[in-house]
Amino acid sequence: MNRFVMSLGSNSVDRHEQMAAAIDAVSSLLNVSRRSPVYETKPWGGGDNLYLNCVIAGETSMNFEQVNAFAKDWERQSGRDEAAKKAGIVPIDIDIVIWNDDVLRQKELERDYFMRGYRSIF
């Protein structure tokens with residue numbers, strides 16, 4: 001089994017719905033054993049739209065490429081495209097931060113929007 005820790009975030013007008021749908025989708029595909037509460041954070045790097053964030057951890061028999069493809073497909077289906085990016089809108093962002101014992105996104109370990117949720121489940 002592969003272990004994962006994911007970061008989810010949204011700053012769109014429908015961010016509550018986006019987060020709930022993404023959490024449900026991840027939970028239905030992967031064996032989620034830990035989930036932080038959903039919490040609000042200020043945008044990192046500027047902007048006015050507040051984010052909702054969540055950290056999810058668990059195990060899966062799927063490989064990294066399969067899980068990452070699912071995450072990126074979900075982002076696209078949820079409206080994450082160039083137009084949203086230009087407008088500063090993130091309908092949903094799903095990133096695999098830790099895969100097994102490898103930290104894939106080191107910068108996340110330095111940012112409150114991830115560490116707040118991570119500390120609540122580990």
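**Exercise 1. Locate asparagine 2 and describe its surroundings in this predicted model.**

*Solution.*
Step 1. Asparagine 2 is part of strand β1.
Step 2. Its side chain is joined to the side chain of asparagine 100 by a polar contact of 3.0 Å.
Step 3. Setting aside residues up to four places away in sequence, asparagine 2 touches Gly58, Glu59, Thr60, Ser61, Met62, Asn63, Trp99 and Asn100. Asparagine 100, the polar partner, thus appears in this list as well.

**Exercise 2. Determine whether aspartate 95 is buried or exposed, and identify the side chains with which it makes polar contacts.**

*Solution.*
Step 1. Aspartate 95 belongs to strand β5, which covers residues 93–99.
Step 2. The relative accessible area of aspartate 95 is 7%. A residue counts as buried under 20%; therefore aspartate 95 is buried.
Step 3. One polar contact, at 3.0 Å, links the side chain of aspartate 95 to that of lysine 72. Another, at 3.5 Å, links the side chains of aspartate 95 and arginine 105.
Step 4. When neighbours within four places in sequence are left aside, the contacts of aspartate 95 are Val5, Met6, Ser7, Lys72, Glu75 and Arg105.

**Exercise 3. State which residues of helix α4 are buried and which strands they pack against.**

*Solution.*
Step 1. Helix α4 comprises residues 112–121.
Step 2. Its buried residues are Tyr113, Phe114, Met115, Gly117 and Ile121.
Step 3. These buried residues pack against β1 (2–10), β2 (31–35), β3 (39–41), β4 (51–60) and β5. Two of these strands have already appeared: β1 holds asparagine 2, and β5 holds aspartate 95.

**Exercise 4. Describe the fold of the protein chain as a whole, and decide whether its radius of gyration agrees with that of a compact globule.**

*Solution.*
Step 1. The protein chain contains four helices and six strands, arranged along the sequence as β-α-β-β-β-α-α-β-β-α.
Step 2. For 122 residues, a compact globule would have a radius of gyration near 14 Å. The protein chain has 13 Å, so the value agrees.
Step 3. The C-alpha trace spans about 40 × 30 × 20 Å along its principal axes.
Step 4. Of the 122 residues, 44% are buried.
Step 5. Among contacts with a separation of 6 or more, 68% are between residues 24 or more positions apart.

**Exercise 5. Characterise the exposed area and the charged side chains of the protein chain.**

*Solution.*
Step 1. The protein chain exposes about 6,700 Å², of which carbon and sulfur atoms supply 47%.
Step 2. There are 15 positive and 18 negative side chains. The centres of the two sets are 4 Å apart.

Conventions
Residues numbered from 1 in each chain as written. Predicted model: local features only at pLDDT ≥ 70, side-chain atom pairs only at ≥ 80, totals over all residues. Heavy atoms only, no water. Helix = DSSP H or I, 4+ residues; strand = E, 2+ residues; numbered from the N terminus. Buried < 20%, exposed > 50% of the residue type's maximum accessible area, 1.4 Å probe, protein only. Polar contact = N/O pair within 3.5 Å; in protein donor to acceptor, adjacent residues only side chain to side chain. Contact = heavy atoms within 4.5 Å. Rg over C-alpha atoms; globule rule 2.2 N^0.38 Å. Areas by Shrake-Rupley, 256 points an atom, 1.4 Å probe, with all protein chains shown as cover. Lys, Arg positive; Asp, Glu negative; His and termini not counted. Charge placed at Lys NZ, Arg CZ, Asp CG, Glu CD.
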